[in-house]
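Please find below a short note on the cysteines and the aromatic side chains of this entry. The points are numbered for ease of reply.

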Amino acid sequence: EAAPVEEAAPVEEAAPVEEAAPVEEAAPVEEAVPVAEAASPPAIIIEETTPIEKATPKTETETGDTIIFVEPTVAGPAVVPDEVKYLLIGAGTASVSAMRAILKAEPDAEILMVGAEPHGPYMRPPLSKELWFNEDKTESSQLIFNDWSGNKRSVFYPDKLGQLADLAPGVPALLKGVKVTKLDPTNQKVTLSTGEVVKYGKCLLAPGGEPKTMEALRPTQDNPCLLSRVHLFRNISQYQQLSSELNKEAKVLVIGGGFVGSELAYAMTRTGAAVYQSFPEAGNMGRVLPKYLSNWTTKQLETAGVHVRPETKVLSAECADNGVHVHLSTGEELTVDHILVAVGLEPSTELGDNAGLEVHKEMGGYVVNAELEARSNLFVAGDAACFYDPVLGRRRVEHHDHAVVSGKLAGQNMAGAAQPYHHQSMFWSDLGPHVGYEAIGLVDSTLPTVGIWAHKDKSQSEINTDPTEKEKYEQGIVFYMDQNKVVGVLTWNIFGKIPIARQVIASGEEQQDFGLLAKQFDIHTKH
């Protein structure tokens, strides 16, 4: 399977740092060590007790010992600082990557990260991939998975993030369960959902996005069950809820045929549940893969046990005694226990509404310059950044590697690097043990492609100008073309060749001999 780029080093188990909730209760005093015995004066024993207005000595006991109750020192609640040098909005991969870059450039940096989720930063890809493949379900419940090299890892990043009270130079802190509700880039300050106002020196906007849903699946007074049976699969709590409820008796409908939808459809078969998948395209990942490969992939999912319904839309969903009754555009009706919606992501740009930030009308996301800066001292990274690619033009990317790389560059530039974004980020996907791919650049099924495939029973590659899904597409490479130039590369069951693909795209050269080009990717070697 493909390895994530620039992720945290494997760890046995990492847990998010729990943020201390502000309290007004007094902190208990340290327990005193009894004073050594002496003939005179009587021994004094200090006891812990609940706070009282003042110390109240008691009369001597029968043993002659005097007991004094001492009022504990009252500790105030952790206070949100009025100002921080570096403020990171969002507690995901992009913010973690930016934090690392800032600390590398400035080890004593003061960094405050603000995240809406109750968890610390974590990786999202395993939620739709590796966690479902664990043989040991206890490990899945603990959010531990086996990575591509067989190492056990936690979905949580191992970076040390202190509580709010720990915030200090060189000690980043995480404020969990809190949103930024207002952004004022002119005065360089934000307002939190808890009411505090924080000024910043440099700020990163890395809010990610929210999964899209469908109007037909919104809960109503007549269909309240949709609230608990429709899942917008995006975070840990949704994974935990779904994994705890699925069993061999369950029926699941996955809506969406893209990366996440196809990954989830395959993953759900691991639970023993009956899995259905519907999408409007002609085949799985039909917007990315050339038609023949998309159709072949659909057949692989069907072989794995997924009941695929291509070129199909969900018209309505109604609560029933035995689940949710779903009406499809083909006239078919299904009754399922759960519906998983994976139809795309809407970048979170609501902070820009009153902040004077430009949001791209077609692509969505905040428009940033080459240094990922939206305004002076305000940077954007991850899903919400609409950036200019010097090779491929303006883009917005929703993949893990882009969050890693754009977050890193934003952090470097926040620390003064002033470097442009020119990295071609990659993405990867796995559809079970026999299908995995990596891709980079513009991989769009509307572009003309050249595919070169290796056959196990042939010593040479075969060039076919009229490919069909009847072939065995076990290992190969697909070049996406624009006027004889390669603008995208997809390696199918070939791993570790993205650096070569990145060079091919960056060269901008017109290509004539694709057989020679494919030799650089070593397509006949088993990967």
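1. Cys225 is buried, since its relative accessible area is 16% and the cut-off for that class is under 20%. The reader should bear in mind that the model is predicted.

2. Cys225 is one half of a disulfide with Cys319, and the two sulfur atoms lie 2.0 Å apart. A search of the whole structure returns 1 disulfide. The bridge joins distant parts of the chain, its two cysteines being 94 residues apart. Cys225 sits in the loop between β12 (209-211) and α4 (226-229), while Cys319 belongs to strand β17, residues 314-320.

3. On geometry, the angle about the S-S bond of Cys225 and Cys319 is -105°, and the link is left-handed.

4. The partner cysteine falls in another accessibility class: Cys319 is partly exposed, with a relative accessibility of 27%, because that class spans the range between the buried limit of 20% and the exposed limit of 50%. Two further cysteines may be noted here. Cys203 has a relative accessible area of 0% and is buried; Cys386 likewise counts as buried, at 0%.

5. Turning to the aromatic residues, the search of the whole structure yields 14 aromatic pairs. In one of them, Tyr437 and Trp492, the ring centres are 5.4 Å apart and the planes meet at 5°, so the arrangement is stacked. Planes under 30 degrees apart count as stacked. Tyr437 is located in strand β28 (residues 436-441) and Trp492 in strand β31 (residues 485-492), so this contact ties together parts that are 55 residues apart in sequence. Both Tyr437 and Trp492 are buried.

6. A second pair, Trp453 and Tyr473, is edge-to-face: the centre-to-centre distance is 5.0 Å and the angle between the planes is 70°. The class follows because planes over 60 degrees apart count as edge-to-face. Trp453 is in strand β29 (residues 449-453), whereas Tyr473 is in the loop between β29 and β30 (476-482), so the pair ties together parts 20 residues apart in sequence. Trp453 and Tyr473 are both buried.

7. Which residues make up the aromatic cluster that includes Tyr437 and Trp453? One cluster is formed by Phe259, Tyr292, Trp296, Phe427, Tyr437, Trp453, Tyr473 and Trp492. The residues of points 5 and 6, namely Tyr437, Trp492, Trp453 and Tyr473, are thus among its members.

Key. Residues are numbered from 1 along each chain as its sequence is written. This is a predicted model: local features need pLDDT of at least 70, side-chain atom pairs count only at pLDDT 80 or more; totals for chains, interfaces and linings use all residues. Side-chain values use heavy atoms; hydrogens and water are left out. A disulfide is a pair of cysteine sulfur atoms within 2.5 Å. Helices (H or I, at least four residues) and strands (E, at least two) are DSSP runs, numbered from the N terminus. Buried means under 20% relative accessible area, exposed over 50%, partly exposed in between (1.4 Å probe, protein chains only). Rings of Phe, Tyr and Trp (its six-membered ring) pair if their centres lie within 6.5 Å; planes under 30 degrees apart count as stacked, over 60 as edge-to-face and the rest as tilted.
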